[in-house]
Amino acid sequence: MIVAVVGGSLQGVEVAYLAHKAGWNVRVVDKNSQAPASGLCDSFFHVDVTAERDLSIVFDTVDLVIPALEDDDALNCLNQWSHSAGVPLAFDPDAYTISSSKLESNKLFTRMGIPVPLSWPDCSFPVLAKPSKSSGSRGLKFFHDVGSLKHHFSQSFPPQGWLLQEYLEGSLHSLEIMGMPGSYRSLQVTDLFVDREYDCKRVVAPTKLPAELTVELERLGLQIANALNLHGIMDLEVLLHQGGLKILEIDARIPSQTPTAVYWSTGQNMV
């Protein structure tokens, strides 16, 4: 089994590592010649898939392609090539389109009655401004009052492409859901620790969430997977605030950091 991992940063490191644990031959592809995962593979291709005209040269003999990046142009190129070449691509473009947008994800949660932080202007300060097309805490901005909020976004208010939500304190937790319509399974809940320098700096498993909240998180994850008609894998990041869970974001792609923690905690290999 030869698997091509496109993207050699954090996600790529997870996939390359776990693919080797599965006993597969691993080919990493990245436009950065010094990508971290380039040292964890059997072969490395220094290639920008958006610029390469003939991707069959890059993916010759591979049995499966796993994207480990969040670049829309690269994902579109891989999806088109996969359809034309008949080589499986571990990617769900429809679910990814929703999950990669915080605005669209939040609309989905609202329609489903999923608990989320209140959105501005229906919430009090402080307020977090989250760029819609980003994951984790990248680009987050924190505002204590309406004056500073409007001053920052003075060019256009309310700002286009941003989700404005109340800031809540609590512990962070994550869960992966895998499967196909009619057959989903939840994996292990993990606890996340973050700081301003490194974003997620530590993943702990098993979780310290009470059993009843773990069950509730699993229920929410399966509910969202069904609503997305998910084909593959997604993860949820939630906040435990005053005894209740608030969904912060979903990502329908291979996550980083949690897969290896889950592997060593349970033996379950997400790849």
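This tour proceeds from the whole chain to one helix, then to salt bridges, a buried serine and the nonpolar core.

**Before starting**

The model is predicted: local features need pLDDT of at least 70, side-chain atom pairs count only at pLDDT 80 or more, and totals for chains, interfaces and linings use all residues. Residues are numbered from 1 along each chain as its sequence is written, and side-chain values use heavy atoms, with hydrogens and water left out.

**The whole chain**

Display the protein chain as a cartoon. Its secondary structure comprises 8 helices and 13 strands; helices (H or I, at least four residues) and strands (E, at least two) are DSSP runs, numbered from the N terminus. The radius of gyration is 19 Å, close to the 18 Å that the globule rule gives for 271 residues, so the chain is as compact as a globular protein of that length. This radius is taken over C-alpha atoms, and the globule rule is 2.2 Å times the number of residues to the power 0.38. Viewed along its principal axes, the C-alpha trace spans about 55 × 45 × 35 Å.

Colouring by accessibility shows that 47% of the 271 residues count as buried. Buried means under 20% relative accessible area, exposed over 50%, and partly exposed in between (1.4 Å probe, protein chains only). Of the contacts (heavy atoms within 4.5 Å) between residues at least 6 apart in sequence, 58% join residues at least 24 apart.

**Helix α3**

Select residues 72-85, which form α3. This helix has 14 residues and reaches 20 Å from its first C-alpha to its last, close to the 20 Å expected at 1.5 Å a residue; the expected span is 1.5 Å times one less than the number of residues. At the N-terminal end, D71 acts as a cap, with a side-chain oxygen 3.0 Å from the backbone nitrogen of D73. After the helix comes G86, whose phi is positive, near 75 degrees.

Next, show the side chains of A74, L75, L78, N79, W81 and S82, the buried residues of α3. They pack against β1 (2-6), α2 (55-58), β4 and α4.

**Salt bridges**

The structure holds 7 salt bridges, each defined as a side-chain nitrogen of Lys or Arg within 4 Å of a carboxyl oxygen of Asp or Glu. Three of the pairs are visited here.

Begin with D72 in α3 and its partner K133, whose closest N and O atoms are 3.5 Å apart. Because K133 lies in the loop between β5 (127-131) and β6 (141-143) and D72 in helix α3, the pair ties together parts that are 61 residues apart in sequence. K133 is exposed, at 54% relative accessibility, whereas D72 is partly exposed, at 34%.

Move to R253 and E70, whose side chains meet in a salt bridge of 3.5 Å, N to O. R253 is in the loop between β13 and α8 (258-266), and E70 is in the loop between β4 (64-67) and α3, 183 residues apart. R253 counts as buried, at 12% relative accessibility, and E70 as partly exposed, at 30%. Adding D251 to the selection completes a network of salt bridges that links E70, D251 and R253.

Now select E216 and R219, joined by a salt bridge of 2.8 Å, N to O. These residues are 3 apart in helix α7, so about one helical turn separates them. Both are partly exposed: E216 at 27% relative accessibility and R219 at 43%.

**S101**

Centre on S101, in the loop between α4 (93-99) and α5. Is this residue buried or exposed? S101 counts as buried because its relative accessibility is 9%. Leaving aside residues up to four places away in sequence, S101 touches S132 and K133. The side chains of S101 and S132 are joined by a polar contact of 3.0 Å. Such a contact is a pair of N or O atoms within 3.5 Å; within protein, one must be able to donate a hydrogen and the other to accept it, and residues adjacent in sequence count only if both atoms are side-chain atoms.

**The largest nonpolar core**

Finish with the largest nonpolar core, which has 25 residues; I224, M234 and I247 touch the most other members. The elements giving two or more residues to this core are α5 (102-112), β8 (171-180), α7 (211-228), β12 (232-241) and β13 (244-251). The largest share, 6 residues, comes from α7. A nonpolar core is a set of buried Ala, Val, Leu, Ile, Met, Phe, Trp, Tyr and Cys residues joined through side-chain atoms within 4.5 Å.

Finally, select I247 and display its surroundings. Not counting residues up to four places away in sequence, I247 touches F109, I114, P115, V116, P117, L220, L236, E237 and V238.
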